[in-house]
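This report walks through one protein model for a reader who is meeting it here, starting with the whole and moving on to individual residues.

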Amino acid sequence: REKPIHAYNEDRLEKILKAAFSHRRKMIRTTLNSVFSNIEDILLQLNIDPTSRAEDLSPTEYCKLSLV
């Protein structure tokens, strides 16, 4: 079981979530392209499948993204 991450950047997390869920059914690499210029590299570094959808990511993964 994954341990929750309590560290995150609140402002950045809000932007990420807004972008991620603004276009449902789109891949996360497409929706987060407006927040990160090199999103595919970041996702791969965090072991997140770039073809995932917003609803597939865990809260922990979103917290990790906010710290990049």
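Of the 68 residues of the protein, what percentage count as buried? In this predicted model, 34% of the 68 residues count as buried.

## Overall architecture

The protein has 4 helices and 0 strands, and from the N terminus on its elements run α-α-α-α. The radius of gyration is 11 Å, close to the 11 Å that the globule rule gives for 68 residues, so the protein is as compact as a globular protein of that length. Taken along the principal axes, the box filled by the C-alpha atoms is roughly 25 × 25 × 20 Å. Among contacts between residues at least 6 apart in sequence, 55% join residues at least 24 apart.

## The nonpolar core and helix H4

The largest nonpolar core has 15 residues, and those with the most contacts inside it are Ile28, Leu32, Phe36, Tyr62 and Leu65. Helices H1, H3 and H4 each supply at least two residues of this core, while its largest share, 4 residues, comes from H1.

Ile28 illustrates how parts of the chain meet, for when its neighbours within four places in sequence are left aside, Ile28 is in contact with Ala20, Leu43, Asp49, Pro50, Ser52, Arg53, Ala54, Leu57 and Tyr62.

Helix H4 deserves a closer look. Of its 8 residues, 6 are buried, so H4 is largely enclosed by the rest of the structure; the buried residues are Thr60, Glu61, Tyr62, Cys63, Leu65 and Ser66. What covers these buried residues of H4 includes H1, H2 and H3. Thr60, which lies in helix H4, is buried with a relative accessible area of 10%. The C-alpha atoms of Thr60 and His6 are separated by 8.4 Å, although the two residues are 54 residues apart along the chain.

## Two side-chain pairs

The structure holds 1 aromatic pair. The rings of Phe21 and Tyr62 have their centres 6.1 Å apart and their planes at 35°, so the pair is tilted. Because Phe21 lies in helix H1 (residues 10-22) and Tyr62 in helix H4, the pair ties together parts that are 41 residues apart in sequence. As for exposure, Phe21 is partly exposed, whereas Tyr62 is buried.

A search of the whole structure also finds 1 salt bridge, in which the side chains of Arg29 and Glu40 meet at 3.6 Å, N to O. Arg29 lies in helix H2 (residues 28-31) and Glu40 in helix H3, so this pair ties together parts that are 11 residues apart in sequence. Arg29 counts as partly exposed, and Glu40 likewise counts as partly exposed.

The relative accessible areas of the residues in these two pairs are set out below.

| Residue | Relative accessible area | Class |
|---|---|---|
| Phe21 | 40% | partly exposed |
| Tyr62 | 4% | buried |
| Arg29 | 28% | partly exposed |
| Glu40 | 35% | partly exposed |

## The loop between H3 and H4

Two residues of the loop between helix H3 (39-45) and helix H4 (59-66) can be described in some detail, and one of them is Ser52. Is Ser52 buried or exposed? Ser52 has a relative accessible area of 13%, and because residues under 20% count as buried, Ser52 is buried. The side chain of Ser52 reaches the backbone oxygen of Asp49 at 2.9 Å. Leaving aside its neighbours within four places in sequence, Ser52 is in contact with Lys26, Met27, Ile28 and Leu57, and the contact with Ile28 links this loop residue to one of the residues with the most contacts inside the largest nonpolar core.

Asn47 has its place in the loop between H3 and H4 as well. At 70% relative accessibility, Asn47 counts as exposed, whereas Ser52 is buried. The backbone of Asn47 is also worth noting, since its phi is near 60°, a positive value in a residue other than glycine. Most residues other than glycine have a negative phi.

How values were computed: Residues numbered from 1 in each chain as written. Predicted model: local features only at pLDDT ≥ 70, side-chain atom pairs only at ≥ 80, totals over all residues. Heavy atoms only, no water. Buried < 20%, exposed > 50% of the residue type's maximum accessible area, 1.4 Å probe, protein only. Polar contact = N/O pair within 3.5 Å; in protein donor to acceptor, adjacent residues only side chain to side chain. Contact = heavy atoms within 4.5 Å. Phe/Tyr/Trp six-rings, centres within 6.5 Å; stacked < 30°, edge-to-face > 60°. Core = buried A, V, L, I, M, F, W, Y, C linked by side-chain atoms within 4.5 Å. Salt bridge = Lys/Arg side-chain N within 4 Å of Asp/Glu carboxyl O. Rg over C-alpha atoms; globule rule 2.2 N^0.38 Å.
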